[in-house]
Amino acid sequence: MAHVDEPAPTPYAPPEPGTVTAYRNATLIDGTGGPARPGTTIVVDGDVIIEVVPDEAATVPDGVAAVDVGGAFVIPGLIDSHQHLATPPNRPVAEAALRRQVYGGVTAIRDMADDLRQIADLTRATRIGEIPGPDIAYASLMAGPTFFDDPRTWQVSQGGTPGHVPWMQAVDDDTDLPLAVAMARGTHATAIKVYAELPGTTVAAITAEAKRQGIGVWAHAAVFPATPAQVVASGVDAVSHVTLLAQETADEPLTSYKTKAPVDVERLVRDGDQRLDALYALMRQRGTVLDATGSMWMWMAEQADDAEGKARALANDVLSAKLTGDAFRAGVLVSTGTDYETDPAHPFPSLHAEMAFLADRCGIPAEEVIRCATLVGAISMGAQDTMGTVEAGKLANFVVLARDPRADMANLDSIEYTVKRGRRFDRGDFRKDEQ
């Protein structure tokens with residue numbers, strides 16, 4: 001008989017059902033955008049919340065483990081709706097990022113197209129607790145054939161041909177879309193990411209077929225030549241990169257992702273544009289989530305190696321703040337995606353900077369920023385039934401903070417511990433488990 005290896009250890013696994021813990025005396029900011037609720041008890045059984053009630057109304061049986069939160073602030077687990085963990089694949093780097101995210105309060109992420117051979121295994125490893133990290137929902141990419149000379153597509157398709165692997169597919173008028181969508185589903189992806197070099201009719205056809213087969217669709221806000229309005233009208237669930245919405249105001253037809261149409265950034269920042277107002281109204285009507293990635297531009301400015309690149313990034317930073325704030329005030333659902341990570345030596349993940357950007361640069365009220373980073377993030381990945389708020393029946397994903405994030409988003413750094421699927425990650429243990 002062949003030798004069977006012992007299963008890998010799962011030191012970060014969720015507790016088994018029947019393991020009940022009551023977190024008492026919490027000041028709960030539940031992720032709905034409503035006011036804080038002091039004196040709240042959260043009862044967890046295994047990986048699920050079973051009760052959220054005032055302390056005096058809690059039904060906590062004798063013998064149940066009780067944790068006195070001491071009046072500290074509890075928010076839902078944070079969700080980064082735009083990450084890339086494997087471009088190119090580097091397992092130690094990815095594991096380090098996942099570790100820092102969960103110890104930094106992040107309990108779920110959207111991975112927006114990568115080498116899904118590695119991402120699928122990381123998803124399994126964080127889900128069952130082999131390694132510390134948030135839950136991962138990931139996308140399989142589709143784009144026009146001319147996109148696949150991009151060197152990143154080769155990085156994530158090593159051993160195969162970009163455009164001709166299930167997680168990185170070239171689509172044109174001759175593509176068998178039912179088969180292409182089925183192949184994307186076969187990667188266990190949550191959604192298809194529609195990236196670039198596709199007309200609006202093809203974006204709409206991909207979206208319709210994906211919805212028929214029960215898989216989500218996430219897209220760039222402009223797909224070139226598909227305009228932002230065409231992308232939103234196609235019925236995609238979420239669009240990424242708020243600055244791409246400005247392409248709706250271009251005075252010439254969109255042609256290629258590589259040669260974006262010029263837009264008058266100074267005028268848009270100063271005056272806005274009625275075409276953008278109409279686009280925001282359409283997004284609100286369709287329930288399209290805006291994955292703004294607003295703070296990314298300041299990070300790109302810091303990374304720039306020439307004055308021209310830095311100036312371009314800083315101009316986009318100002319545009320990003322303007323458009324994100326306007327979209328939010330127009331009723332668009334805004335999530336907190338980053339599309340970058342802070343330096344490995346930094347103690348906290350980039351999501352903290354994105355939340356500060358929404359509060360400080362976009363004028364979004366703190367309670368609503370928390371909602372963007374929790375409930376709206378869950379909506380962006382179709383997971384609002386299981387995460388995004390602290391309430392009975394949802395996963396036990398929440399973060400305990402010593403200081404009030406409503407007073408200052410910098411107080412996100414006061415994490416005492418993260419609870420992800422009922423498993424506690426004490427901030428004091430961060431980096432201690434790397435050896």
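Start by selecting Ile192, Val194, Leu245, Leu290 and Met355: in this predicted model, these residues have the most contacts inside the largest nonpolar core, which has 93 residues. In soluble globular proteins, nonpolar side chains tend to be buried together.

Next, centre the view on Leu290 and show what surrounds it. Setting aside neighbours within four places in sequence, Leu290 is in contact with Val239, Val242, Leu245 and Met283. Its contacts also include Ala327 and the run Val332, Leu333, Val334 and Ser335. Of these partners, Leu245 is itself listed among the residues with the most contacts inside the core.

Now select Tyr23, Leu28, Ile49 and Phe398. They belong to a second core, separate from the one above and made up of 17 residues.

Move to helix α9, residues 296–303. Which of its residues are buried? Colour Met296, Trp297 and Ala301 to see them. These three lie on the same side of α9, because they cover an arc of only 140° around the axis. An α-helix has 3.6 residues a turn, so residues three or four places apart point the same way. To see what the buried residues of α9 pack against, add α10 (307–329) and α11 (351–360).

The last stop is the second largest pocket, with about 230 Å³ of space. Select Asp135, Ile136, Ala383, Met387 and Arg421, which lie nearest its centre among the 16 lining residues. Then display α2 (116–128) and β8 (135–143), each of which supplies at least two residues of the lining. Coloured by type, the lining of this pocket divides into 7 nonpolar, 4 polar and 5 charged residues.

Key:
Residues are numbered from 1 along each chain as its sequence is written. This is a predicted model: local features need pLDDT of at least 70, side-chain atom pairs count only at pLDDT 80 or more; totals for chains, interfaces and linings use all residues. Side-chain values use heavy atoms; hydrogens and water are left out. A nonpolar core is a set of buried Ala, Val, Leu, Ile, Met, Phe, Trp, Tyr and Cys residues joined through side-chain atoms within 4.5 Å. Buried means under 20% relative accessible area, exposed over 50%, partly exposed in between (1.4 Å probe, protein chains only). Contact means heavy atoms within 4.5 Å. Helices (H or I, at least four residues) and strands (E, at least two) are DSSP runs, numbered from the N terminus. The arc is that of the directions from the helix axis to the C-beta atoms. On a 1 Å grid over the protein atoms alone, a cavity is a set of points where a 1.4 Å probe fits but cannot get out, and a pocket is an open set with protein on both sides within 12 Å along at least five of seven lines; lining residues have an atom within 4 Å of a point. Grid points are joined across faces, edges and corners, and a volume is the space filled by probe spheres set on the points. Ala, Val, Leu, Ile, Met, Phe, Trp, Tyr, Cys and Pro count as nonpolar, Asp, Glu, Lys and Arg as charged, and the others, Gly among them, as polar.
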